[in-house]
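Me: I'd like to go through this one and ask what earns each feature its label. Can you take me through the reasoning?

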Amino acid sequence: MNKTIRRASVFTLLLVFALLIRATWVQFYEGQALADSKDNRRGAIETYAEPLGNIVVGGRSVTGSAPTEGGDLAYKRTYENGKLYAAVTGYASQAYAPTQLEGIYQDVLNGTDPRLKTVLDTVTDARAEPGNVVTTIDPDVQKAGFDALGDTKGAAVAIDPKTGRILSVVSTPSYDPTSLTDANTAGEAWKKLTGDPDKPLTNRALRQPLPPGSTFKLVVAAAALENGLYGSVDEKTDSPDPYTLPDTTTDLTNENPNAPCENATIRTALQYSCNNVFAKMAVDLGQDELRAMAEKFGFNDETQDVPVRAYTSVYPKDMNRSSTALTGIGQFDVTATPLQMAMVSAALANGGELVSPHMVSQVTDSGGDVLEDHTDTDAKRIVSSSTADQLQSAMETVVEEGTGSNAQIPGATVGGKTGTAQHGENNSKTPYAWFTSYAKSDTSGKEVAVAVIVEQSDAARSEVSGNGLAAPVAKAMMTAALDG
């Protein structure tokens, strides 16, 4: 063999070896990545080859599957009362990645979760029958919140304080997940939904933290009592009116100039929502003590899963004293989701203990055997029972005699706190209306905690208030929960 042929043969062998190495790398190291790629249609074909498992609300499936007409995807997802439950289910789409419970439990719902496999499935390598997700959502409470919010832009969350079961997650305006399920039509629906300035795809209940306004005063009051700044909700505070923000010449006034806010007790300050009292209280406590209390309730928790990951509610750091004062009234850089403010009311209603909130009770296989059970959840003490009892009493005064009168329910004991949070530079935009509350039946022993935010409504700016806009929504939801 001459030199030229020998060199060509060696070069050819090297090319063959290179191709073999590349093929091996692709097959064994990049295979899974290629299989999972959004551009690989085989995954979608397998997922939608059979009907999906279902998400269950109140004993009934609110999801389903329907045969498609033509194409290589045999089935598509369907939804019953899609707009009502969109903030719970999310969507499972042939074109887009699944969201909310559809996304978290996609392996269970499409039958690829290893826990679903039977011995025969393992032997034949067949896809298992899909499982189901059983939620804690109460359909009556969900509908009450959805109907009460109506055409407004807002959100609401209801929690059973004793068990942590989330009874309702409402976000408006909503959308119909069915519009996104079919790959042939999803593109146009997606363009319309993402282009909507009201952002209907945003889960405002869990994933849009906003300034909580005066509802945050409950956290400040809890910190004041727990740290011994004041001995009871009926002890006079040291609170000049107006209160000059520290190191400034700016006076912080109250919404009602005639309210008895000078040196008011915590009970009176909550009843009339006195800014001067809680701003001064925040400064007296100091930002570290106040942050510690906020974090006990769930603020600054970056892993708050219910099981949908909620956006972090924030109590800020490294502030000057005037900014600390503003956090005392739920302004500056304090933010909270409706979930977070419902957790505050739930903990206080439950004697100071917060039971971990969750909206899935069980995950089952196709035969109903339980794969996950979330009925036994952890509880942690946030404040002492004495502090909780005192704040319950003060919150009940807010509803019976103060700014939360629209939440009164015959036959129930109701406590609450209103809030109106500034929005826009120099409060140039319509304020946010908040209400966080709890209700306890006088006869059945049932309890519920609810938080509501109304971001935008048709009400005139002068008519925007937690009592006027948010409290009626909370009342409707609490009534449904206690009657159920």
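**What earns the labels**

Reply: Sure, starting with a helix: H18 covers residues 466-483, 18 residues in total, and spans 24 Å from its first C-alpha to its last, close to the 26 Å expected at 1.5 Å a residue. Bear in mind that this is a predicted model.

Me: Which residues of H18 are buried?

Reply: Buried means under 20% relative accessible area. In H18 the buried residues are Gly466, Asn467, Leu469, Ala470, Ala471, Val473, Ala474, Met477, Met478, Ala480, Ala481 and Leu482.

Me: What makes the pair Asp113 and Arg115 a salt bridge?

Reply: The cut-off is a side-chain nitrogen of Lys or Arg within 4 Å of a carboxyl oxygen of Asp or Glu. For Asp113 and Arg115 the closest N and O atoms are 2.9 Å apart, so the pair counts as a salt bridge. By this rule the count comes to 15 salt bridges.

Me: Why is Asp113 called buried?

Reply: Its relative accessible area is 10%, and buried means under 20%, so Asp113 is buried.

Me: And why does Arg115 count as partly exposed?

Reply: Arg115 has 39% relative accessibility, which falls between the 20% and 50% limits, so Arg115 counts as partly exposed.

Me: What is the distance between the closest N and O atoms of Arg115 and Glu372?

Reply: They are 3.1 Å apart, and with a limit of 4 Å this pair is therefore a salt bridge too. It links distant parts of the chain: Arg115 sits in the loop between helix H6 (106-110) and helix H7 (119-124), while Glu372 is in strand E12, 257 residues apart.

Me: How do you know that Arg204 forms a salt bridge with Glu455?

Reply: Their closest N and O atoms are 2.8 Å apart, and the cut-off is 4 Å, so the label fits. Arg204 lies in helix H10 (residues 204-207) and Glu455 in strand E16 (residues 447-456), so this pair ties together parts that are 251 residues apart in sequence.

Me: Are Arg204 and Glu455 buried or exposed?

Reply: Buried means under 20%, so Arg204 at 3% relative accessibility counts as buried, and so does Glu455 at 9%. Back to the other group: Asp113, Arg115 and Glu372 are joined into one network by salt bridges that share partners.

Me: What makes E1 and E2 a pair of strands?

Reply: Pairing needs at least two bridges, and strand E1 (residues 55-57) and E2 have two, in the antiparallel sense, so they pair. Val56, for instance, has Ser61 in E2 as its bridge partner.

Methods:
Residues numbered from 1 in each chain as written. Predicted model: local features only at pLDDT ≥ 70, side-chain atom pairs only at ≥ 80, totals over all residues. Heavy atoms only, no water. Helix = DSSP H or I, 4+ residues; strand = E, 2+ residues; numbered from the N terminus. Expected span 1.5 Å × (residues − 1). Buried < 20%, exposed > 50% of the residue type's maximum accessible area, 1.4 Å probe, protein only.
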